[in-house]
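Reader: Could you walk me through the salt bridges and cavities here, with the cut-offs spelled out as we go?
Author: Gladly; here is the model to look at first.

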Amino acid sequence: MQAEKDAEFVGAALDAGLRAARFSLPPSSEEFAASIEPKNVPAVFRGVLKGSAALSRWDPLYGGLDYLLEKVGPDVAVEAMMSNTGHVFYGDLRSHERVSIPFSTFMQSCKSHLGHLNAASDSSKDKGTGKESTCSDKMCPASSENSEQLYLAQVSILNTESKDRCSLQVLKEDIQEPIFLKGKSFSSINFWMSRAHMRSSTHYDPHHNLLCVMAGCKKVTLWSPSASPFLYPMPVYGEASNHSCVSIEEPDYSSYTRAKYMKEYSERVILNCGDALFIPEGWYHQVDSDDLTIAINFWWKSRIMTEMLEHMDGYYLRRIMRRYCIVIWTFPLMGSFSHSERNGDFQSTDGLSGAGSQPFNKVTNSDTSDKKGAALQSLKPCTLQALYELMSLVHNSVEAVDQNDRAESASQDTSVCQSNERKKTAADDSSLLEKDPVAKIILPVEPLELRSMLLAMVHTFPRTLEGLVLNILGPTGAEILTRKFDEMDQGSTPEEQAEFYKIFYSAFGDQYAAMDALLNRKELFSFQVFQSVLDQYLRVCVERPS
């Protein structure tokens, strides 16, 4: 079981085009800039750091701790992360604090830990259980002697975005940037070191990142930015907005229901000493580090962020939001994931009221008569079945509404009803389609068959059609119905289109009310999608403006 956790892994749902590329030889800077970096997909470079001075000088197993202590000096202070959640470091400031400690103090602590590891190893050999250590073998629980863990995280070696002096600037002399990064203008180069086994929470960075392991081993789990809905990023306005809300130790699937699928969209890579990983900006990653693991990373701005003009941000924001709305617009209709769907259950108590309720009841009985007409006989059996299901929805809704409830509902303002509907929030993550019975019925019906069915309803069951559109049809159903209309139009002449809509709207006592009902519910559907985008990608909830 432990071996499975320590192995590399590719989720079953991860698109092949998003899987990390592997390179046994370093590419040229031209190849990296032309064919690797622009794809915004991770890439693993095996042994790319071999020959680096830091690789040979910093290794804790071969005197690296003493070298670093002498190189940096005894009086240099560094900022460390101190976790109050054991060996897990979460980005939320409530879970850790930044403390200033002498670099020498941290090195002495690491030397002490190394002594414990060596003693444990010697003891195992004396008992005849000695074996060659691997990446996972070095994860030793000796660090549990202190519940508060220290981690040197993002200690600056170079920082072009700050005028402050870099604590470990002297280490730059040992660092040779990989050949494929030649010519890059780095925002920063940082030093990372774990005393004992530690885990960082799932997060993304706003820069391109090359993570280089100089000693030890790191396991990095990756998710594309498109997997955000499964990771529940913290609200975009928060101080840790680039971190996931989901605990990596004990995920709460009852609160974060989509998170149960996050592994399926992930990939885990193992980085040993001398390996490097390109993590594009915006890619979520969660890192496990072994005892005494040392890494550096190079951050630089992507081309798109470098060239993005600030005065265009408002336009880009609207374009991106619109594009995501269109994407999620489609998925719910196909039964894919969707979260925080509003107005899922459209009950007739809010809609079957008003002046049309009496004639609706009066004609309902005639709808079940034998006067079906030739229009019904021309329908395919599956279309006829869909028609009967729609009729049952309307009739069942009418029967479920008590006469007094209808009278009381008729006196209420429509906007108040819509406000109440907007406040309904689904407890689960089922799709918009699953919550709209009319949408489920009409979705599989071919456009031309649906046209025949609607015309048959006009001629045979006009009041049922009127009740369906005005009182039963939900936002998703309205979106699907009007899309079907578009598909009908594509296969019809302008004359046929005009004739169909003339006949269709003749079934309504107030044709403008029917048009308003369709348009209002289409807009409500669009707002539901917008809410879903804000919730899944920004973790922001909004109410629809009145």
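Author: A salt bridge here is a side-chain nitrogen of Lys or Arg within 4 Å of a carboxyl oxygen of Asp or Glu. This is a predicted model, in which local features need pLDDT of at least 70 and side-chain atom pairs count only at pLDDT 80 or more, while totals for chains, interfaces and linings use all residues. Residues are numbered from 1 along each chain as its sequence is written, and side-chain values use heavy atoms, with hydrogens and water left out.

Reader: ok, how many salt bridges does a search of the whole structure find?
Author: The search finds 17 salt bridges. In one of them, the side chains of Lys111 and Asp66 meet with an N to O distance of 2.7 Å. That pair links distant parts of the chain, 45 residues apart, with Lys111 in helix α5 (residues 103-126) and Asp66 in helix α4 (residues 64-72); helices are DSSP runs (H or I, at least four residues) and strands likewise (E, at least two), numbered from the N terminus.

Reader: and are Lys111 and Asp66 buried or exposed?
Author: Lys111 is partly exposed at a relative accessible area of 32%, and Asp66 is partly exposed at 41%, where buried means under 20%, exposed over 50% and partly exposed in between (1.4 Å probe, protein chains only).

Reader: what does Lys71 pair with?
Author: Lys71 forms a salt bridge with Glu173, their closest N and O atoms being 2.6 Å apart. Because Lys71 lies in helix α4 and Glu173 in the loop between β7 (149-159) and β8 (188-194), the pair ties together parts that are 102 residues apart in sequence. Lys71 is partly exposed at 24% relative accessibility, whereas Glu173 is exposed at 59%.

Reader: where do Glu466 and Arg463 lie?
Author: Both lie in helix α16 (residues 462-472), 3 residues apart, about one turn of the helix. Their side chains meet in a salt bridge of 2.9 Å, N to O, and both Glu466 and Arg463 are buried.

Reader: switching topic, how many cavities of 30 Å³ or more are there?
Author: There are 3, a cavity being a set of points on a 1 Å grid over the protein atoms alone where a 1.4 Å probe fits but cannot get out, with lining residues having an atom within 4 Å of a point. The largest has a volume of about 70 Å³, which is the space filled by probe spheres set on the points, joined across faces, edges and corners.

Reader: which residues line the largest cavity?
Author: The lining includes Leu390, Val438, Met453 and Leu465.

Definitions and conventions
On a 1 Å grid over the protein atoms alone, a cavity is a set of points where a 1.4 Å probe fits but cannot get out, and a pocket is an open set with protein on both sides within 12 Å along at least five of seven lines; lining residues have an atom within 4 Å of a point.
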